[in-house]
Amino acid sequence: MVASFTLDRAGDARVVAERILAEFPHARVLAFHGDLGAGKTTLIKGFCAALGVADDTSSPSFSLVNEYRAADGTPVYHFDLFRLKSPAELEAIGFVEYVDSGAWCFIEWPDLALDLLPPGVMHLTLEAKPDQARSITVAGA
């Protein structure tokens, strides 16, 4: 299944995330693709807000994974794999256990982990437009 969305402003990220969650209610692992500055982290913050995460959310650029709790107590994991050089580094942090846990997993720069992602993963590709909007293509599940 493929769907398209537009993110006009950062403030719309929660609204767009809510629409995606409603359209793909069974997706729990979401892989975010796009160039630097495409809006991956902003959209993940929107997903966290839509899920009721009360903590301040930020990209885990150096820690590789941040853990939050959704309003219902469900774990929410936010990965940033940009700095990784080898799939062995994913093993060291127990990546497969995270994505197989049934918890929410939002993964920035997932290319190194593609072979480790479970069936049903949603791929979101973000592209910055000249008018500062972002186009989002959702594929999978």
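Reader: Which residue just after α2 takes a positive phi, and how should I read that part of the model?

Author: Just after α2, Gly52 takes a positive phi of about 85°, and I would add at once that this is a predicted model. The helix itself, α2, spans residues 40-50, and its buried residues are Lys40, Leu43, Ile44, Gly46, Phe47 and Cys48.

Reader: Is Thr41 of helix α2 buried or partly exposed, and what is Thr41 in contact with beyond its neighbours within four places in sequence?

Author: Thr41, which is found in helix α2, has a relative accessibility of 22% and counts as partly exposed. Leaving aside its neighbours within four places in sequence, Thr41 is in contact with Ser59 and Glu108. As for its position relative to Leu124, the two residues are 83 apart in sequence, while their C-alpha atoms are 12 Å apart in space.

Reader: How many aromatic pairs does a search of the whole structure find, and what describes such a pair?

Author: In general, a pair of aromatic rings is described by the distance of the centres and the angle of the planes. Here, a search of the whole structure finds 8 aromatic pairs. One of them is formed by Phe32 and Phe47, with 5.9 Å from centre to centre and 80° between the planes, an edge-to-face arrangement. Phe32 lies in strand β2 (residues 29-33) and Phe47 in helix α2, so this pair ties together parts that are 15 residues apart in sequence. Phe32 is buried, with a relative accessible area of 0%, and Phe47, at 0% relative accessibility, counts as buried as well.

Reader: Why is the pair of Phe79 and Phe95 edge-to-face?

Author: Their ring centres are 5.1 Å apart and their planes stand at 75°, so the pair is edge-to-face, given that planes over 60 degrees apart count as such. This pair links distant parts of the chain, with Phe79 in strand β4 (residues 75-80) and Phe95 in helix α4 (residues 95-99), 16 residues apart. Both Phe79 and Phe95 are buried.

Reader: Which residues do ring pairs link into a cluster, and what lies over the face of Trp104?

Author: Ring pairs link Phe32, Phe47, Trp104 and Phe106 into a cluster. Over the face of Trp104 lies Arg28, at 4.0 Å from the ring centre.

Reader: Which residues of the largest nonpolar core touch the most other members?

Author: The general idea is that, in soluble globular proteins, nonpolar side chains tend to be buried together. In this model the largest nonpolar core has 29 residues, of which Ile20, Phe32, Phe47, Val76, Phe106, Leu124 and Ile136 touch the most other members. Two or more residues are given to this core by each of β1 (2-7), α1 (13-23), β2, α2, β5 (104-108), β6 (122-128) and β7 (134-140), and the largest share, 5 residues, comes from α1. A second, separate core of 17 residues includes Tyr77, Leu84, Cys105 and Ala113. Not counting residues up to four places away in sequence, Phe32 touches several residues, among them Leu43, Ile44, Phe47, Phe106, Leu124 and Leu126.

Reader: Where around the axis of α1 do the buried residues of that helix lie, and what covers them?

Author: The buried residues in α1 are Ala13, Val16, Ala17, Ile20 and Leu21. They cover an arc of only 135° around the axis, which puts them on the same side of α1. What covers these buried residues includes β1, α2, β5, β6 and β7.

Note on methods. Residues are numbered from 1 along each chain as its sequence is written. This is a predicted model: local features need pLDDT of at least 70, side-chain atom pairs count only at pLDDT 80 or more; totals for chains, interfaces and linings use all residues. Side-chain values use heavy atoms; hydrogens and water are left out. Buried means under 20% relative accessible area, exposed over 50%, partly exposed in between (1.4 Å probe, protein chains only). Helices (H or I, at least four residues) and strands (E, at least two) are DSSP runs, numbered from the N terminus. Rings of Phe, Tyr and Trp (its six-membered ring) pair if their centres lie within 6.5 Å; planes under 30 degrees apart count as stacked, over 60 as edge-to-face and the rest as tilted. A charge sits over a ring if NZ of Lys or CZ of Arg is within 6 Å of the ring centre and within 35 degrees of the ring normal. A nonpolar core is a set of buried Ala, Val, Leu, Ile, Met, Phe, Trp, Tyr and Cys residues joined through side-chain atoms within 4.5 Å. Contact means heavy atoms within 4.5 Å. The arc is that of the directions from the helix axis to the C-beta atoms.
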